[in-house]
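Visitor: I would like to learn how structural terms are justified. Can you take me through an example, term by term?

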Amino acid sequence: MPWTKLAATRTNAASAVCLTQPMERDDLHGTLFQLMRESEYLEVGHMLVRAPLVAGVCYLGAPPMDLGTALNNATLAAESAEPIGFFNSALQRDTLLQSRMESLQQRALERGEFHIWYQPKYDLVTRRCVGAEALVRWQSAELGFLPPGKFISFFESNGFITQLDFYNLEHVMEFQRDCKAKGLPVVPISVNQSRLHMREKGYLHRMHALVERYKAEGIELELMETAFDFGSEAIREHSLAVVTALHAMDFAIDMDDFGTGYSDLSLLNQLPLDVMKIDRSLLLASEGSERMRIVLKMMIDLGHALGMRVICEGIETEEQEALLRAVGCKYGQGFLYGRPMQRADFEAFLRAHA
Ligand code: C2E
Ligand code: MG
Ligand code: MG
């Protein structure tokens, strides 16, 4: 093609590399888009197969950076491309932080730098505390204080989340045991579980060992719909079996962020779900729209009709709380009632509100 200077493909990877003529960003974007559209379909035998492409772009700059760096940068840009990504300094900062997190993660676990904060859940009518969600924070000696938004998805991509989740779960079980020993009220506490556990070898075995060790009561597991975003029928069967086994170990199962994914209603039938957690985005949408309020009400009714407890997340105002009561929601969680707090503060909160 006239705009290329040099092009190469690797035989061992589904990727191609191209050095282009000097081009403005918009021109390059248009040209690439066109090319990607044209080569999206491949003929394999008699079949037409769709093979969507992504592209990452890195400008060499002046003086030009070395080619190895440019290739790495372009690869990075391609990873977050939709479907074309340009390398920039924010991407560079992200990757720098990620590689530092990766080199520190194991030591951070050993040094106890991950902390569980507890956010209360409450009865929307009595305003008593009826439970909590455990949410992790990282107080890193090197990187400072990090909220989960900074590291959870990265730890899902490198697999470390499975270790971190076990660490968190064990701490919550310890907390429940201590509450009982100290005569504090014991309320159910939910712990988030990454979708990676669905495919983790030995997951059920380890979960069983923890149950035996702590004799923990009142632990709920929060799973997102994406945990059941199956690649194949076999994986689907396996994930359903894993959740059924967890339920049989007496873990209550919460469907987290309900209403944000595909909302595959057959999941409601196939999974032993105890709690439906309605995502904050649905609450926000209902504030401005009568039709969305009907959708919200119907979802709550559906949850109740299927024997689930229904809780809505992210309540920040009295108006939102009143709206939820009006559509029949019984439980809530949000900054209005209580922010995520450290263990000692939550113990005091429990004494006062449970
Ligand atoms: P999530 O499970 O949906 O947790 C609820 C998030 O909403 C929390 O964010 C919480 O602080 C926030 N939130 C609560 N009330 C309000 C409110 O009134 N308004 C607004 N705007 N936000 C509210 P956080 O703690 O930053 O956690 C983010 C996400 O990180 C969690 O979303 C969860 O998916 C993930 N996460 C946190 N801890 C863990 C963990 O130990 N393991 C795994 N796998 N994921 C975790
Ligand atoms: Mg959650
Ligand atoms: Mg949620």
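Guide: What follows is a round of questions and answers on this predicted model.

Visitor: What makes up the protein chain, in helices and strands?

Guide: The protein chain has 12 helices and 15 strands. Its C-alpha trace spans about 75 × 50 × 40 Å along the principal axes. Of its 354 residues, 42% are buried. Among contacts with a separation of 6 or more, 64% join residues 24 or more positions apart.

Visitor: Why is Gln333 called buried?

Guide: Buried means under 20% relative accessible area. Gln333 has a relative accessible area of 2%, so Gln333 counts as buried. This residue is found in strand S15, residues 331-333.

Visitor: Which residues is Gln333 in contact with, leaving aside its neighbours within four places in sequence?

Guide: The list includes Gln119, Pro120, Lys121 and Tyr122. Glu133 and Glu313 are also among them. Those two names come back at the metal ions.

Visitor: What about Phe258: buried or exposed?

Guide: Buried. Its relative accessible area is 3%, and the limit is 20%, so the term applies. Phe258 lies in strand S12. Not counting residues up to four places away in sequence, it touches Leu268, Met276, Lys277, Ile278, Asp279 and Met299.

Visitor: How far apart are the C-alpha atoms of Phe258 and Phe154?

Guide: They are separated by 22 Å. Along the chain, the two residues are 104 residues apart.

Visitor: How do you know which atoms count as donors of the magnesium ion (ligand 2)?

Guide: A donor here is an N, O or S atom within 2.8 Å of the metal. The protein donors of ligand 2 lie 2.0 to 2.3 Å from it, so they qualify. They are Glu133 (OE), Asn192 (OD1), Glu222 (OE) and Asp256 (OD). Their spacing along the chain is E-x58-N-x29-E-x33-D.

Visitor: Which distant parts of the chain does the pair Glu133 and Glu222 link?

Guide: Glu133 is in strand S8, residues 129-140, and Glu222 is in strand S11, residues 219-224. The two are 89 residues apart. Both Glu133 and Glu222 are buried.

Visitor: What coordinates the magnesium ion (ligand 3)?

Guide: Asp256 (OD), Asp257 (OD) and Glu313 (OE), with Glu313 (OE) listed twice. The distances are 2.0 to 2.6 Å, within the 2.8 Å limit, so these atoms are donors. The spacing is D-D-x55-E. Asp256 lies in strand S12 and Glu313 in strand S14, so this pair ties together parts 57 residues apart in sequence. Asp256 and Glu313 are both buried.

Visitor: What makes Asp256 a bridge?

Guide: Asp256 appears among the donors of ligand 2. Asp256 also coordinates ligand 3. It bridges the two magnesium ions, which lie 3.9 Å apart.

Visitor: Why are helices H5 and H6 called roughly parallel?

Guide: Angles under 35 degrees count as roughly parallel. The axes of H5 (residues 161-182) and H6 (residues 203-214) cross at roughly 20 degrees, so the term fits. These axes come within 10 Å. The crossing is right-handed.

Visitor: Which residues meet where H5 and H6 are in contact?

Guide: From H5 they include Phe166, Leu169 and Met173. From H6 they include Met207, Leu210 and Val211. The contact's residues divide into 8 nonpolar, no polar and 5 charged.

Methods:
Residues are numbered from 1 along each chain as its sequence is written. Chains are lettered from A and ligands numbered from 1 in the order in which they are written. This is a predicted model: local features need pLDDT of at least 70, side-chain atom pairs count only at pLDDT 80 or more; totals for chains, interfaces and linings use all residues. Side-chain values use heavy atoms; hydrogens and water are left out. Donors are N, O and S atoms within 2.8 Å of the metal (3.2 Å for Na, K and Ca); water is not among the atoms, so sites may look incomplete. Helices (H or I, at least four residues) and strands (E, at least two) are DSSP runs, numbered from the N terminus. Buried means under 20% relative accessible area, exposed over 50%, partly exposed in between (1.4 Å probe, protein chains only). Axes are lines fitted to C-alpha atoms, for helices over the stretch in contact, and angles run from 0 to 180 degrees between N-to-C directions. A crossing is left-handed if the near helix is turned anticlockwise from the far one by less than a right angle, and right-handed if clockwise. Contact means heavy atoms within 4.5 Å. Ala, Val, Leu, Ile, Met, Phe, Trp, Tyr, Cys and Pro count as nonpolar, Asp, Glu, Lys and Arg as charged, and the others, Gly among them, as polar.
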